[in-house]
Amino acid sequence: DVKCCALTEVLACSIVSLHAEFHNDQPYPSAQMIDNAAVGYVSPDALFINAARGGLVTEEALHRMACQGVTLVLDTWPDEPSVPRELLSRVAFATPHIAGYTGTAKTNATDFLIEPLMRALGLERSFETTEIQETRQVMLDLSHQSDIHDLMAAMKVVSRLAKDDSEFRASWKKSPTPDNFEAQRTQYSLRDQYSALTLNAVSVSTDLQRLLSAAGFRLAS
């Protein structure tokens, strides 16, 4: 159900999450594509997430969105590894370009490189990646307020957004330097991916099963 829309239509959505690459190629450069003019299309009650590259959005545009009431969640920053204190204070959740680090993502990224590398080196022996079948078993009682509430309960098993945000702010307050920003990235403790969990869930509705599967969780039979 994915459809192509004009940027102005996308920005008018209640949740806007950026995942574009950063480039200056014409005719549609992504660099600073969210500027002051674009902010005019963002709803004041929207959730705006940048999980791509900081340079997609101007700092001025972020401040303007904050003034309008937009909830900002930033993993990447316009001038990283520098993060202005004023901008940091206006963001609901802030992380130091973690880029979604999980053990599974790290393994997959390595596997993606192996085949092109072998071709580049002229190696003839084919390489087959080994899928990791082992998952962590988690028992949950998902019979509470609503399907969305229970989905969030499952996500919280591995989610550390609030903790990551708190640690980043505390560390940045002590040492607001590029070296500290990079250190937090390289020293980040890998977490589980949803697909690395097998949920043994009690009282799961059909709709909740669909939501959990769409999010990537594995459900015990």
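Modeller: A pocket is an open set of grid points with protein on both sides within 12 Å along at least five of seven lines. This model is predicted, and its second largest pocket has a volume of about 300 Å³. Of the 13 residues lining that pocket, Lys3, Cys5, Ala6, Leu7 and Val10 are the closest to its centre.

Colleague: Which elements give two or more residues to the lining of the second largest pocket?

Modeller: Helix H1 (7-11) and strand S1 do. H1 gives the most, with three residues.

Colleague: How much space lies in the largest pocket, and which residues are the closest to its centre?

Modeller: The largest pocket holds about 1200 Å³. It is lined by 35 residues, and Met155, Ser159, Leu161, Arg191 and Tyr194 are the closest to its centre. By class, 22 of the lining residues are nonpolar, eight are polar and five are charged.

Colleague: What makes S5 and strand S6 a pair?

Modeller: Two strands pair if there are at least two bridges between them. S5 and S6 (residues 197-202) have six bridges, in the parallel sense, so they meet that cut-off. Within S6, Asn200 stands opposite Met139.

Colleague: In what order do the three strands of the open sheet stand, and why is one side of S5 and of S7 left without a neighbour?

Modeller: The order is S5-S6-S7, with parallel pairing. S5 (136-141) and S7 (218-219) are at the edges and each has a single partner strand, so each has one side with no neighbour in the sheet.

Colleague: How do you know that S1 and strand S2 pair?

Modeller: They share four bridges in the parallel sense, and the cut-off is at least two, so they count as a pair. Phe48 in S2 is the bridge partner of Val16.

Colleague: Which side chains of S1 are buried and which are not?

Modeller: Val16 and Leu18 point to one face and are buried, whereas Ile15 and Ser17 point to the other and are not. Buried means under 20% relative accessible area. In a regular strand the side chains alternate between the two faces of the sheet.

Colleague: What makes a set of residues a nonpolar core, and which residues have the most contacts inside the largest one?

Modeller: Its members are buried residues of listed types, joined through side-chain atoms within 4.5 Å. The largest core has 28 residues, and Phe48, Val57, Met65 and Trp77 have the most contacts inside it. Helix H3 (59-68) is one of the elements that supply at least two of its residues. The largest share, four residues, comes from H3. Another core, of 11 residues, lies apart from this one and includes Leu142, Leu197, Leu199 and Leu208.

Terms used. Residues are numbered from 1 along each chain as its sequence is written. This is a predicted model: local features need pLDDT of at least 70, side-chain atom pairs count only at pLDDT 80 or more; totals for chains, interfaces and linings use all residues. Side-chain values use heavy atoms; hydrogens and water are left out. Buried means under 20% relative accessible area, exposed over 50%, partly exposed in between (1.4 Å probe, protein chains only). On a 1 Å grid over the protein atoms alone, a cavity is a set of points where a 1.4 Å probe fits but cannot get out, and a pocket is an open set with protein on both sides within 12 Å along at least five of seven lines; lining residues have an atom within 4 Å of a point. Grid points are joined across faces, edges and corners, and a volume is the space filled by probe spheres set on the points. Ala, Val, Leu, Ile, Met, Phe, Trp, Tyr, Cys and Pro count as nonpolar, Asp, Glu, Lys and Arg as charged, and the others, Gly among them, as polar.
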